[in-house]
Amino acid sequence: MVIRIGTRASELARWQAHEVARLVRAHDPTLDVRLVELTTPGDQLADLPLERMEGTGFFTSTLERALLDREIEVAVHSYKDLPVVLTPGLVVAAVPARGPVEDALCAAGGSRLADLPRGARVGTSSLRRIAQVRALRPDLELQPLRGNVPTRLERVRRGDLDAVVVALAGIARLGLEGHVTEIFPTWDLLPAPAQGALAIQVREDDAALRRSLCALEDHSVRSAVEAERAVLHALRGGCSVPVGASARAAGDRVVLEAGVFSPHGDRALRVRVEGDEPAAVGREAAERLLGQGAGQILADLERRPMVAPGAPR
């Protein structure tokens with residue numbers, strides 16, 4: 001049986017696809033697993049701000065279309081890139097073991113965030129990171145950041161930036177941990193919903209493949225990710241916003257911390273919710289955040305364009 005796994009062409013996406021291929025082969029060595037590289041709009045539009053792309057389908061729609069057109073049997077995604085409203089006809093068949101969820105600082109000279117000089121240039125790639133880093137260090141000059149992980153690190157090496165803030169999972173998967181100068185605990189920098197998790201997506205009607213891939217499922221990760229994504233869904237219906245969420249399974253229960261942050265660094269709302277049903281925990285967290293004023297933060301974001309990172313405010 002041939003299983004074609006679709007992936008984006010970036011180094012990190014290929015790593016993720018190769019890891020899933022390894023897991024599939026380990027479960028059933030008789031399968032003929034092949035990788036198919038596809039270019040997505042998110043890869044082509046290199047200048048578009050990342051906050052307009054994560055969770056909106058820019059990085060996933062091409063793979064999903066290839067699945068529906070039966071050009072591939074499996075698509076591997078960074079789960080945080082999948083829209084919270086899933087595409088009809090497709091399902092996430094398995095969520096394997098998760099990578100680290102935290103964000104990390106990679107700074108010149110081995111600096112931690114507190115050690116960076118006033119006005120240091122720090123590259124970030126999302127409103128969520130901009131908001132939380134500004135709250136910690138409002139004196140820094142935050143600059144938009146795109147490109148793959150090695151490209152971002154190269155900007156620090158060249159001196160274009162003094163530091164970058166990136167997902168630790170991507171750094172670890174590429175074996176680049178030596179560049180990390182600080183790992184932010186989630187109470188300082190809440191990660192994106194589903195950060196560090198992979199989604200193995202297939203056609204809903206491919207029952208045999210779905211049954212086979214169940215062996216790759218990590219149920220505790222699935223529960224955590226469902227709670228995190230439910231927050232985002234309840235707050236904004238899938239659009240990418242300055243929302244952070246981090247959940248963990250504790251026995252049969254899920255413990256979730258979630259937050260909404262003003263991109264200007266002047267407001268940070270956080271809640272902690274625990275319960276038995278992941279989606280319900282996420283919805284309750286969203287309701288509590290809205291009760292604290294999260295709706296106003298999101299409405300302000302709609303009414304006025306985001307101030308460019310580093311610009312006068």
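The exercises below work through a predicted model of one protein chain.

Local features require pLDDT of at least 70 and side-chain atom pairs count only at pLDDT 80 or more, while totals for chains, interfaces and linings use all residues. Residues are numbered from 1 along each chain as its sequence is written, and side-chain values use heavy atoms, with hydrogens and water left out.

**Exercise 1. State how many helices and strands the chain has and what percentage of its residues is buried.**

Solution.
- Helices (H or I, at least four residues) and strands (E, at least two) are DSSP runs numbered from the N terminus. The chain has 10 helices and 13 strands.
- Buried means under 20% relative accessible area, exposed over 50%, and partly exposed in between, with a 1.4 Å probe and protein chains only. Of the 313 residues, 53% are buried.
- Contact means heavy atoms within 4.5 Å. Among contacts with a separation of 6 or more, 68% involve residues 24 or more positions apart.

**Exercise 2. Describe the surroundings of glutamate 217.**

Solution.
- Locate the residue: glutamate 217 sits in the loop between helix 7 (207-213) and helix 8 (219-236).
- Check its exposure: the relative accessible area of glutamate 217 is 16%, so the residue is buried.
- List its contacts: leaving out residues up to four places away in sequence, glutamate 217 touches Ala93, Ala94, Val95 and Arg222.
- Find the polar contacts (a pair of N or O atoms within 3.5 Å; within protein, one must be able to donate a hydrogen and the other to accept it, and residues adjacent in sequence count only if both atoms are side-chain atoms). The side chains of glutamate 217 and arginine 222 make such a contact at 2.7 Å. A polar side-chain atom of glutamate 217 also lies 2.7 Å from the backbone nitrogen of valine 95.

**Exercise 3. Determine how strand 4 is placed and paired.**

Solution.
- Count the buried residues: 5 of the 5 residues of strand 4 (residues 90-94) are buried, so the strand is largely enclosed by the rest of the structure.
- Identify the pairing, which requires at least two DSSP bridges between two strands. Strand 4 runs antiparallel to strand 10 (residues 198-203) and is joined to it by 4 bridges.
- Give one pair: valine 91 stands opposite valine 202 in strand 10.

**Exercise 4. Work out the order of strands 11, 12 and 13 in their sheet.**

Solution.
- The 3 strands form an open antiparallel sheet in the order 11-12-13.
- Strand 11 (243-250) and strand 13 (268-275) are the edge strands, each pairing on one side only.
- From one strand to the next, the twist averages 10°. Axes are lines fitted to C-alpha atoms, for helices over the stretch in contact, and angles run from 0 to 180 degrees between N-to-C directions.
- Strand 11 pairs with strand 12 (residues 253-261) over 8 bridges, and glycine 244 has glycine 259 of strand 12 as its bridge partner.

**Exercise 5. Compare the span of helix 9 with its expected value, then place its buried residues.**

Solution.
- The expected span is 1.5 Å times one less than the number of residues. For the 15 residues of helix 9 (residues 278-292) this gives 21 Å, and the end C-alpha atoms are 21 Å apart, which agrees.
- The buried residues of helix 9 are Pro278, Val281, Gly282, Ala285, Ala286 and Leu289. They cover an arc of only 135° around the axis, so they lie on the same side of helix 9. The arc is that of the directions from the helix axis to the C-beta atoms.
- On the other side of helix 9, Glu287 and Gly291 are exposed.
- Helix 9 lies across strand 12 and strand 13, at about 150° to strand 13.
- Glycine 293 follows helix 9 and has a positive phi, near 115°.
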